Amino acid sequence: MPASPSTARAINDRLALRLLQQEGPLTAGQLKQLTGLSRPSVADLVERLAAAGLIDVVGESGEQRRGPNAKLYGIVADQAHLAALDVRTEGVSVVVSDLLGGVLAEASVPIGGDTGTGPAVEQAVALVERAAKEAEVPVLHTVGIGAPGLIDPATGELRDSGGLPAWHRRLVLALQERLPETRVHVENETNLAALAEQRDGVAKDRDTFVLLWLGHGTGAAVVLEGTLRRGASGGTGEIGFLPVPGTAGLPSAVDCEGGFHSLAGSAAIVALAERHGLTVEAQGYEPLAASVVRDAVARAAGAGVSSATVAGASAATDFLDALADRLAVGVAAVVAILDPGCLVLAGEVGQAGGADLAARVERRVRRMSPLPTEVRASVLGGGAVLRGALLTARERVQDELFAPLHGRGALPDQAVSPRGRDQLPPARG
């Protein structure tokens, strides 16, 4: 059935705002060309959006012609502000941005393992409040949180897990209480990393891929035909529990020791390096395994490390080969089930290994599987979670604000997202 006039206006408004978000400031003529709408329709939507305070004149086109230059319209960036949090077992990082994603403030705070639940929650909430104050933002519209663990697909809440600090679950409630005017949303950290890699990283050209997170622990995110797959209980990608050869036992329902985690977790990688005679000191808050792998890649290349002797390079090469053997076991299992065609080695360890480690893993998977699979190294590393949380928060803000002239309710599904609410946004933007 044809859309009603009000629905058509809502769809057109949303389309124009998305184009302004993706392309930057545009003239009315450019909006006409990109939307395919008539000149009167474009004039009407520009007037509506300007009256609502969503867009404004931000300059003039640089075209040289007779008469005045065309006005450039852009989204009003301070129409709403948002924050993104990356919640780890050892601390929290936050970034505050405007509606267009312009960063206004950044901060982080370490939280020790012996910190009580109450003090840990207070430190995290206070960090958000300080960052908002520094950015001179009186009210945050939305806070997006990336955290380890399972997200209940029915409620959207972080599920209780004995392996994670209790303050993780308490943090969401505390933020909602302290910031009553703010919408708070939580998502699994690895899923957010996949979103960031598809939008801003190495998977821009892929709508089907698997992201393997290698940090303190392991995880995976599965994107099939643009859709982020969460599973019946939100557990898609819990690859740490995958039973694999080469471990001392089998994982249990409450402990991933004996699973893939025992081969690819940070502690396991460091132990493997030590067996090859490689040691390195930790650098900041990143997993020690990342420092070990980064040093090994440099030694194997024989560059950038003053002590890189022939013997050292040989040990580093042997270590990287052994690590690639381990990773290929998990990757081959994923490939056999999903056939994603592309796998991204992400997290701090994946980024540290870079193209060298990715190539070693790809060669082994090619020998183990008949299904062609390209293995790529993340360019975002540990920052992918924060970037993904920021992108998700911005999408939620825009979903609400980009339909203000029609009751601030949701537009029809085809206008909200042609790919569906559980699907990742298009690669552009």
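Let's start from the outside: the protein chain exposes about 19,400 Å² of surface, and carbon and sulfur atoms supply 52% of it. Keep in mind that what you're looking at is a predicted model. Of the 429 residues in the protein chain, 49% are buried. The chain folds into 13 helices and 12 strands. If you take the contacts between residues with a separation of 6 or more, 64% of them join residues 24 or more positions apart.

Now for the sheets. One of them is an open sheet of 5 strands, and if you walk across it you meet them in the order S5-S4-S3-S6-S7, with mixed pairing. Strand S5 (103-110) and strand S7 (183-188) sit at the edges with a single partner strand each, so each has one side without a neighbour in the sheet. From one strand to the next, the twist averages 15°. For a look at one pairing, take strand S6 (residues 142-147), which runs parallel to S7 over 6 bridges. There you can find threonine 142 standing opposite arginine 183 in S7.

Helices pack on this sheet too. Helix H12 (residues 384-401) touches S3, S4, S6 and S7, and its direction makes about 145° with that of S3. H5 lies across S3, strand S4 (91-98), S6 and S7, and runs at about 165° to S3.

Let's zoom in on H5, which covers residues 167-178 and includes valine 172. Is valine 172 buried or exposed? With a relative accessibility of 16%, under the 20% cut-off, valine 172 counts as buried. Setting aside residues up to four places away in sequence, valine 172 touches Ile145, Val184 and Val186. You can also check its distance to glutamate 157: the two are 15 residues apart along the chain, and their C-alpha atoms are separated by 8.6 Å.

Over in strand S3 (residues 81-88), have a look at aspartate 86. Its relative accessibility is 6%, so aspartate 86 counts as buried. What does its side chain make a polar contact with? The partner is the side chain of arginine 88, at 2.9 Å. Leaving out neighbours within four places in sequence, aspartate 86 is in contact with Gly91, Val92, Ser93, Gly146, Gly382, Val385 and Leu386.

Time to move along to another sheet. Here 5 strands form an open sheet in the order S10-S9-S8-S11-S12, and again the pairing is mixed. Its edges are strand S10 (227-229) and strand S12 (374-377); each has a single partner strand, so one side of each is left without a neighbour in the sheet. The twist here averages 25° from one strand to the next. Strand S9 (residues 218-224) pairs with S10 in the antiparallel sense over 3 bridges, and leucine 224 stands opposite threonine 227 in S10. A helix crosses this sheet as well: H11 (residues 347-368) lies across strand S8 (209-214), strand S11 (342-346) and S12, running at about 145° to S12.

One more stop is helix H8 (residues 266-275). Which of its residues are buried? They are Ser266, Ala268, Ile269, Val270, Leu272 and Ala273. It helps to remember that an α-helix has 3.6 residues a turn, so residues three or four places apart point the same way. Just after H8 comes glycine 277, which takes a positive phi of about 80°.

Conventions. Residues are numbered from 1 along each chain as its sequence is written. This is a predicted model: local features need pLDDT of at least 70, side-chain atom pairs count only at pLDDT 80 or more; totals for chains, interfaces and linings use all residues. Side-chain values use heavy atoms; hydrogens and water are left out. Two strands pair if DSSP finds at least two bridges between them. Helices (H or I, at least four residues) and strands (E, at least two) are DSSP runs, numbered from the N terminus. Axes are lines fitted to C-alpha atoms, for helices over the stretch in contact, and angles run from 0 to 180 degrees between N-to-C directions. Contact means heavy atoms within 4.5 Å. Buried means under 20% relative accessible area, exposed over 50%, partly exposed in between (1.4 Å probe, protein chains only). A polar contact is a pair of N or O atoms within 3.5 Å; within protein, one must be able to donate a hydrogen and the other to accept it, and residues adjacent in sequence count only if both atoms are side-chain atoms. Accessible areas come from the Shrake-Rupley method with a 1.4 Å probe; for residues, only the protein chains shown count as cover.
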